[in-house]
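Open the structure in your viewer and keep the selection panel at hand. Here is a short tour, stop by stop.

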Amino acid sequence: MANHIAIFDTTLRDGEQSPGISLNMHEKLEIARQLENLGVDVIEAGFPISSKGDFEAVRAVAREVRKPVIAALARAVKKDIDRAWEALHEAARPRIHTFIATSDIHMKYKLRMEPEEVIKRAVEAVSYAKSLGSQVEFSPEDGSRTRPEFLYMILEEVIKAGADVINIPDTVGYSTPDEFGAIIRGIRENVKGIDNVVISVHCHNDLGMAVANSLAAVANGAGQVECTINGLGERAGNAALEEVVMALRTRRDYYQFDTGIVTEQIYRTSTLVTSLTGVLIQPNKAIVGANAFAHESGIHQHGMLANRQTYEIMTPESIGLKKSQMILGKHSGRHAFEERLAELGYSDLTQEEINEAFEKFKDLADKKKYVMDSDIEALMSTKLVQIPEALQLEYFHTTSGNSLISSSTVRISREGELIEEAACGDGPVDAIFHAIERATGLEIKLVDYQIRAITSGKDALGEGIVKIEKNGRKYVGRGISTDIIEASAKAYINAINKMLYDITEFPNGKQDNIEVV
Ligand code: KIV
Ligand code: ZN
């Protein structure tokens, strides 16, 4: 398809390298399933040699998610490629993505290798990966700062060795749109065999130009864009998938390219990634920020009422934001609830899951007069990822006020056993966290805590997000309730459950932090 731009999502690999993010295998699988619904062409599921957890996640995604190509990252060394292939080989369409740095500064100071040796390693890696029967993508790391003649030479050699895709990274987010577009044009004009492969780009956002650089590359012949949901990624992140895709769609008149993305799934995907990573989005973030479609000023509102196109270049519905919110209440029956679930896209639930959701809905309707679509979406998102819940909050009580010391009592069940504990704290959240810590007997390091309203109104649902750390690994927990203390306690327990699960799955640690090769 001549005007198709392939979307390569690297949320699970580069996105997961964002500071503080750590997703377990179930969470990665959940995101991968949603990326498939979103219609991405390629999912980069991880970097298998980097940890056992990453290896397992790539393998699970390769086995289960069948429509997109599944890619795994490997340095240009045999042991990385073997490990990537071991994780990937059951995929319907596996792709090994191998890379080596090619800029003078990286070759000299990081790799300590001569350029000839770098070419040799790249060629060996590509031909070895190809011999395994995989699609092969090659990235010259720090490509945008690589001497053009050297870049052309190494690309020509890896194409001869069998690469299917050559990916040009702006690893440190240094390039500008004109410059990056010219790099892609230069490659097209100077590299023999380039017409037989796909040119891909991978832009970081250190100067806020990742999306602009990616689009400049598309205008100059790139056929694949690497990006992440919400722009997650190393340091300032990667090009945001939703921005690249909506720019191509909204300005189709200018770019004249299509993607296979089901844009109506963008909002749901973004929300899922926010929930599971605990990385909140700034309100004015393009496309998926809370204010992206909000019109505050009188002049704008007046214009919108006269004709939406005065100030709206794309509709909220096009990214899956519902305009009219259906309202349910405590008198709504199971049938109406089930129908609404299906309309919201939850059509593949089992009877047991529907029963469970209906119970939660009834509980919420008792506390809240109107239950909106956003409340239902929030309720459904709490059960997204099933990990064993070793600990469950059975009961809690807190007292607080401006003239007394806050205290809390909790009852927690731990594999059938009920444990009760009480503690004081500097405010009710601190008190309940201390009480939970006592009840579990665990020493827990809290590294981050946030609370926010995720639906509207005074009786909005509150979402607590808690990050804890153990043995250098971070765990994000999430809890929702109309009561913010309960939301916080649930989030804390959710994070502890993830930690306990991780320790059982990987008793000897996850062997993160591989050495540079
Ligand atoms: O930013 C980068 O250079 C990368 C490569 C591994 C493609 O992530
Ligand atoms: Zn990157």
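**Stop 1: ligand 1.** Select ligand 1 in this predicted model. Then add the residues around ligand 1: R13, D14, H97, F99, S139, E141, N167, P169, T171, H202 and H204. Colour this shell by class: two residues are nonpolar, six are polar and three are charged.

Which strands each supply at least two residues of the shell? Show β4 (94-101), β5 (135-141) and β6 (165-170) to see them.

Now turn to the oxygen atoms of ligand 1. Pick D14: an N or O atom in the side chain of D14 is 3.1 Å from an oxygen atom of ligand 1. Pick H202 next, where a side-chain N or O atom is also 3.1 Å from an oxygen atom of the ligand. Finish with H204, which has a polar side-chain atom 3.0 Å from a ligand oxygen. How much of the accessible area of ligand 1 does the protein cover? On its own, ligand 1 has 260 Å² of accessible area, and the protein covers 94% of that.

**Stop 2: helix α1.** Select residues 25-38, which form helix α1. Put a distance between its end C-alpha atoms: they are 20 Å apart. At 1.5 Å a residue, the 14 residues should span 20 Å, so the two values agree.

Look at the start of α1. There, a side-chain oxygen of N24 comes within 3.0 Å of the backbone nitrogen of H26. Move to the other side of the helix run: just after α1, G39 has a positive phi of about 90°.

Is α1 largely enclosed or open? Ten of its 14 residues are buried, so the rest of the structure largely encloses α1. Highlight the buried ones: E27, K28, L29, E30, I31, A32, Q34, L35, E36 and L38.

What do these buried residues pack against? Show the strands β1 (6-9) and β2 (42-46). Then add the helices α2 (52-64), α9 (241-250), α11 (266-277) and α17 (484-505). The buried residues of α1 pack against each of these elements.

**Stop 3: S406.** Select strand β10, residues 404-414, and find S406 within it. Is S406 buried or exposed? S406 has a relative accessible area of 5%, so it counts as buried, the cut-off being under 20%.

Which residues does S406 touch, leaving out those up to four places away in sequence? Select T399, S400, A423, C424, G425, G427, P428 and A431. Display them together with S406 to view these contacts.

Definitions and conventions:
Residues numbered from 1 in each chain as written. Chains lettered and ligands numbered in written order. Predicted model: local features only at pLDDT ≥ 70, side-chain atom pairs only at ≥ 80, totals over all residues. Heavy atoms only, no water. Helix = DSSP H or I, 4+ residues; strand = E, 2+ residues; numbered from the N terminus. Buried < 20%, exposed > 50% of the residue type's maximum accessible area, 1.4 Å probe, protein only. Contact = heavy atoms within 4.5 Å. Near = heavy atom within 4 Å. Polar contact = N/O pair within 3.5 Å; in protein donor to acceptor, adjacent residues only side chain to side chain. Areas by Shrake-Rupley, 256 points an atom, 1.4 Å probe, with all protein chains shown as cover. Nonpolar A, V, L, I, M, F, W, Y, C, P; charged D, E, K, R; others polar. Expected span 1.5 Å × (residues − 1).
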